[in-house]
Amino acid sequence: MMNVLATALKQKKWTIDYPKGEPVLPERFRGLPVLDPAKCNSNCHACIEACPTGALKEGLIIDLGRCLFCNQCVRACPDGAISFSREFRMAAGTREALIYKNNSPKLSASLDKESKRLFSRSLKLRQVSAGGCGACEADTNVLGTIVYDLGRFGVQFVASPRHADGLLITGPVSQNMQLALEKTYKALPAPKLVIATGACSISGGPYIDHPEVLNGADPILPVDLYIPGCPPHPLTILHGILSLLGRL
Amino acid sequence: MNLTSFRQLRNCQTIPVDDAPLVMPTAFRNAVITSVNEGARICALFGVPEDNIVPQVFSQTMIRLFAILAHDTKGILSVISTNVHDSYPALTPDCPQAHWFEREIFEQWGIKPEGHPWLKPIRFHKNYNKNEDQNRSGDTVIGVTDYFRLEGSEIHEVAVGPVHAGIIEPGHFRFECHGENVYHLEISLGYQHRGIEQALIGGPAKRTLPYMETLAGDTTIGHATAYANLMETLTGTPIPPRASAIRGIAMELERLANHTGDLGALASDVGFLPTASYCGRIRGDFLNMTALICGSRFGRGLIMPGGVAFNLDDHLGNQLKDRLKNGLHDLTGAVNLLWDTPSVLARFENTGIISAKAVVDLGLVGPAARACDIVRDVRYDFPFGIFRFSQIPVSTWNTGDVFARAYVRWLEIQRSIAFIQRQLEIWPEGNIVAEIKKPAANSMAISMVEGWRGEICHVALTDNLGHFRHYKIMDPSFHNWFGLAMAMRNQQISDFPICNKSFNLSYCGHDL
């Protein structure tokens, strides 16, 4: 017992200031891309050829829903037209908003007034991994640790869909998980939200167009929030949820 | 030891496919069983279609079965193969290690191992044979199969999953119980199947590396390193020592993060919240150390064939040293609480015991095997990369219970931190990437690394252009899922969560 108390004194407070303060991300963190069309030689296509998921499009456009943040395009570009910033705020309310250009508007998502009234102070989520690799799951789970302390925002992951207001989906939605995912969604009482977390659940990610997957949650469920990344940083997920609820 | 009919090779070595001995199915069976009885272990046992070599004169595709055995104490691997058509005599009745592999062969190719006692799907996907009406592997509706049933009064069955109560991957578990007592746990997976092995054929391509990094996302460094090592042997590319050191550091950081998370999760499952909450935070610190090197908490984008994509300069190295020191300090306080708290030990000790014999019979790997006093660690038995120069002592314990699996993790954490600290002292200078050439044609390469869950084994066969004709991935979970079933025998069903956490196996690494 004394040990437990002594150890508790030695372990300090770790909960981050965010959203009040700005969090510190690693120097090499790859967040929102920075695209510089002035530097781009549009005939070269090296980035488009290097991209493993077809996220880059003609005219220096990047689909954040497909992007794995793998850095292959940065390495391929001879002119330095692409780089990644440390901006972690990348979630969007529509799939179209993730088609990112040089001067795209700031990404965000927000519920309608009535949904905000219902959910903004208390949101219970059910997580379903449908072909997820465990990384999005791990960095979602991390939100429950003392560092992020998700509970202070009234957001909580629950064990039963009957207790939940929304689904947080990870993975490209494997054929073998389709039925279980649909049943889980049906078991949620309405009104309900759907959050697609990670490139897989938005577009299929590295598994785009595999016959074994459905290319994410979109084909079978109405998605309210898209959180890009492979996997998204816990802060990207937290920012996405809080902006959806109008808490920022 | 009878190795006459085998071709011997080392870890990370390439041989011409034609060098793999091709024998009759009965000789194959006898050779593998004899060798396993003499102490060898099955690393991989899989089928490869022979249709690009033998013209399709038969009504069905011919499948060549390869067996890759590990001789742990000798540090060598051996390979043997046979051609089969419809069926062949199953190895499983005389060699339990083969049971999961043979179910996979049946499911993938429709080749029936005659006499296999447990022949049912493991991933529930369509047969790989191009001929649609040849789908002989039985049912491909996920979760619908012939489950074991215990009959009798007061017998009941508990079915859990695929969707579980926490933030965790999906899988289906069936407990056959008498009261609180579990007689058998049947584990039925496949929900995470994404078709990775089939998609790798024809590569290496631009998606190959993302597949390796996400086939089991918590083992990004482990699988990416296994793939990179394999590509380097296939192409004959030696990598710079500095790249080797960075890979070793990243691999041990991955082990640190996951082992710390597991100790926290075990504490949480016995309701001991101090360690649970401290370890949850410290795990994140280790992930952030990987992000310090490459920007990604899981090591995405760090490993590439030929070396590593990010250098670790003195400035970052010093930061890493400081963070490791603080991490070890905080973690020591948090973890020692477990060993000092009788209510925790009472739950850990004598729970979920597996015997050393079961480990040997089933071919379990990783901390689960080492917790039964079995010295089995790729870093020691088949050293690769930096581990050829800097050895990490093998951590074992001898009780085979949840406590042992937890304690082995704690021993490994301390040794991994010491290893990284040592690497940061004896830092080799130089480049971090070497140019990679074309893979050798008509070759077979084997690469094994010790991921944090245990042995990762990748095997590639190339065609006459040097493209992947077949790529086999063995995640340690493939060997160990049945170990969890064994650990649950004669346990209370309420002990399942801690038994499960003490193994912490990958669903997606198994399902691929």
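**View 1. Sequence-distant contacts in chain B of the predicted model.** Residues 24 or more positions apart make up 69% of the contacts in chain B that have a separation of 6 or more. Chain B contains 16 helices and 17 strands. Its radius of gyration is 22 Å, close to the 24 Å that the globule rule gives for 512 residues, so chain B is as compact as a globular protein of that length. Along the principal axes, the C-alpha atoms of chain B fill a box of roughly 70 × 65 × 40 Å. Of its 512 residues, 58% count as buried.

**View 2. The largest nonpolar core, around Ile68(B).** This core has 234 residues. Cys43(B), Ala67(B) and Ile68(B) have the most contacts inside the core. Helix 6 of chain B, residues 241-269, gives the most to this core: 13 residues. In soluble globular proteins, nonpolar side chains tend to be buried together. The close-up centres on Ile68(B). Neighbours within four places in sequence are left aside here. Beyond them, Ile68(B) is in contact with Cys43(B) and Ala44(B), with Leu77(B) and Val79(B), and with Ile446(B) and Val459(B). Cys43(B) thus appears twice in this view: among the residues with the most contacts inside the core, and as a contact of Ile68(B).

**View 3. The side of chain A that touches chain B.** The contact takes 49 residues from chain A and 50 residues from chain B. On the chain A side, the elements that give two or more residues are helix 1 (2-10), strand 6 (123-129), helix 5 (135-141) and helix 6 (175-187). Helix 5 of chain A gives the most to this side, with six residues. By residue class, the chain A side divides into 27 nonpolar, 16 polar and six charged.

**View 4. Helix 8 of chain A, residues 234-244.** Ten of the eleven residues of helix 8 are buried, so this helix is largely enclosed by the rest of the structure. The buried run begins with Pro234(A), Leu235(A), Thr236(A), Ile237(A) and Leu238(A). His239(A), Gly240(A) and Ile241(A) are also buried, as are Ser243(A) and Leu244(A). These buried residues pack against helix 5, strand 7 (155-157), strand 9 (193-197) and strand 10 (225-227) of chain A. Helix 5 of chain A therefore links two views: it packs against buried residues of helix 8, and it gives six residues to the side that touches chain B.

**View 5. The residue Gly246(A), after helix 8 of chain A.** Helix 8 is followed by Gly246(A). The phi of Gly246(A) is positive, near 70 degrees.

Key
Residues are numbered from 1 along each chain as its sequence is written. Chains are lettered from A and ligands numbered from 1 in the order in which they are written. This is a predicted model: local features need pLDDT of at least 70, side-chain atom pairs count only at pLDDT 80 or more; totals for chains, interfaces and linings use all residues. A nonpolar core is a set of buried Ala, Val, Leu, Ile, Met, Phe, Trp, Tyr and Cys residues joined through C-beta atoms within 7 Å. A residue is buried if 20 or more other C-beta atoms lie within 10 Å of its own, exposed if 12 or fewer, and partly exposed in between; C-beta atoms are placed from the backbone. Helices (H or I, at least four residues) and strands (E, at least two) are DSSP runs, numbered from the N terminus. Two residues are in contact if their C-beta atoms, placed from the backbone, lie within 7 Å. Ala, Val, Leu, Ile, Met, Phe, Trp, Tyr, Cys and Pro count as nonpolar, Asp, Glu, Lys and Arg as charged, and the others, Gly among them, as polar. The radius of gyration is taken over C-alpha atoms; the globule rule is 2.2 Å times the number of residues to the power 0.38.
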